[in-house]
Amino acid sequence: MTRMTEQLPVFVYGTLRAQQGNYRRILAGRTACERPASLEDYTLLGSVVPFAVPREGRRVVGELMDVRPEAWRMVLRRLDHLEGYTGAEFDSLYVRRQHVVQCSDGEPVRAYFYEAGPAHRESWLMGSPEVPGGDWVASGFARTPSAARRTTASRSSRRRRLA
């Protein structure tokens, strides 16, 4: 189990962004403040789920989530579980890191974010596409709630027609 650490905002860039599925499951109603932000000298790889990897001169677009103090321990546990972070770098899908992110108003803020674990970076991930502009939602890779419902409904109706 991962050890608890000091409370910092969390920079999110994929399925944890507002209006995405994991945001609703883990962060919705548990934040005091949410604001646009970016992570410099990183890029996103992947199309099904994004992975942040160091890349000088690139930028990842996301949101900075200030979690309410009373929800912090539970949210951090859920985030670590979702990201496959075990506390050990060598076997984690993602590794929780601290980094200064840039808020849209120019304010630099120290925050946690999840970076692709080293083992995954060196194997299958390096063949993944780079997310255009470092913005997973704007790139079209993200699934909006209505698109996910349409896909599920479409599968259900196909199954009924085939039965």
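**In what pattern do helices and strands follow one another when the chain is read along the sequence?**

**View 1. The whole chain of this predicted model, from end to end.** Reading along the sequence, you meet the pattern β-α-β-β-α-β-β-α-α. That gives five strands and four helices in the chain. The chain has 163 residues, and 42% of them count as buried. Its accessible surface comes to about 8800 Å², and carbon and sulfur atoms hold 52% of that area. Now think about who touches whom: among contacts with a separation of 6 or more, 67% are between residues 24 or more positions apart.

**View 2. The largest nonpolar core and the residues that build it.** This core has 40 residues, and the ones touching the most other members are Phe 11, Leu 27, Leu 64 and Val 101. Many elements join in: β1 (10–12), α1, β2 (31–45), β3 (51–67), α2 (72–82), β4 (94–103) and β5 (108–116) each supply at least two residues. Which strand gives the core its largest share? Strand β3 does, with seven residues. Take a moment to find Leu 27 here. Beyond its neighbours within four places in sequence, Leu 27 is in contact with Val 12, Leu 16, Asn 22, Met 65, Val 67 and Val 75.

**View 3. Asn 22 and its surroundings in helix α1.** Helix α1 covers residues 21–27, and Asn 22 is found there. Is Asn 22 buried or exposed? Asn 22 counts as buried because its relative accessibility is 13%, below the cut-off of 20%. Its side chain has two polar partners to look for. One polar contact, of 2.7 Å, is with the side chain of Thr 15. Another, of 2.3 Å, joins the side chains of Asn 22 and Arg 25. With neighbours within four places in sequence left aside, Asn 22 is in contact with Thr 15, Leu 16, Leu 27 and Leu 82.

**View 4. Ala 37 in strand β2 and the residues around it.** With a relative accessible area of 7%, Ala 37 is buried. Which residues does Ala 37 contact, leaving aside its neighbours within four places in sequence? The list runs through Phe 11, Val 60, Val 61, Gly 62, Glu 63, Leu 64, Val 101, Gln 102, Cys 103 and Ser 104. Look also for Pro 108: it is 71 residues away from Ala 37 in sequence, yet the two are 9.2 Å apart in space, C-alpha to C-alpha.

**View 5. Two of the four aromatic pairs in the model.** To describe such a pair, we give the distance of the ring centres and the angle of the planes. Phe 11 and Tyr 13 form a tilted pair, with 6.4 Å from centre to centre and 40° between the planes. Phe 11 and Tyr 13 are both buried. Trp 72 and Tyr 112 form a stacked pair, with centres 6.0 Å apart and planes at 15°. This second pair links distant parts of the chain, as Trp 72 sits in helix α2 and Tyr 112 in strand β5, 40 residues apart.

**View 6. Tyr 112 with Trp 72 and Arg 96.** How far from the ring centre of Tyr 112 does Arg 96 lie? Arg 96 lies over the face of this ring, at 5.3 Å from the centre. Tyr 112 is buried, with a relative accessible area of 3%. Its stacked partner, Trp 72, counts as buried too, at 5% relative accessibility.

Note on methods
Residues numbered from 1 in each chain as written. Predicted model: local features only at pLDDT ≥ 70, side-chain atom pairs only at ≥ 80, totals over all residues. Heavy atoms only, no water. Buried < 20%, exposed > 50% of the residue type's maximum accessible area, 1.4 Å probe, protein only. Polar contact = N/O pair within 3.5 Å; in protein donor to acceptor, adjacent residues only side chain to side chain. Contact = heavy atoms within 4.5 Å. Core = buried A, V, L, I, M, F, W, Y, C linked by side-chain atoms within 4.5 Å. Phe/Tyr/Trp six-rings, centres within 6.5 Å; stacked < 30°, edge-to-face > 60°. Lys NZ or Arg CZ within 6 Å of the ring centre and 35° of its normal. Areas by Shrake-Rupley, 256 points an atom, 1.4 Å probe, with all protein chains shown as cover.
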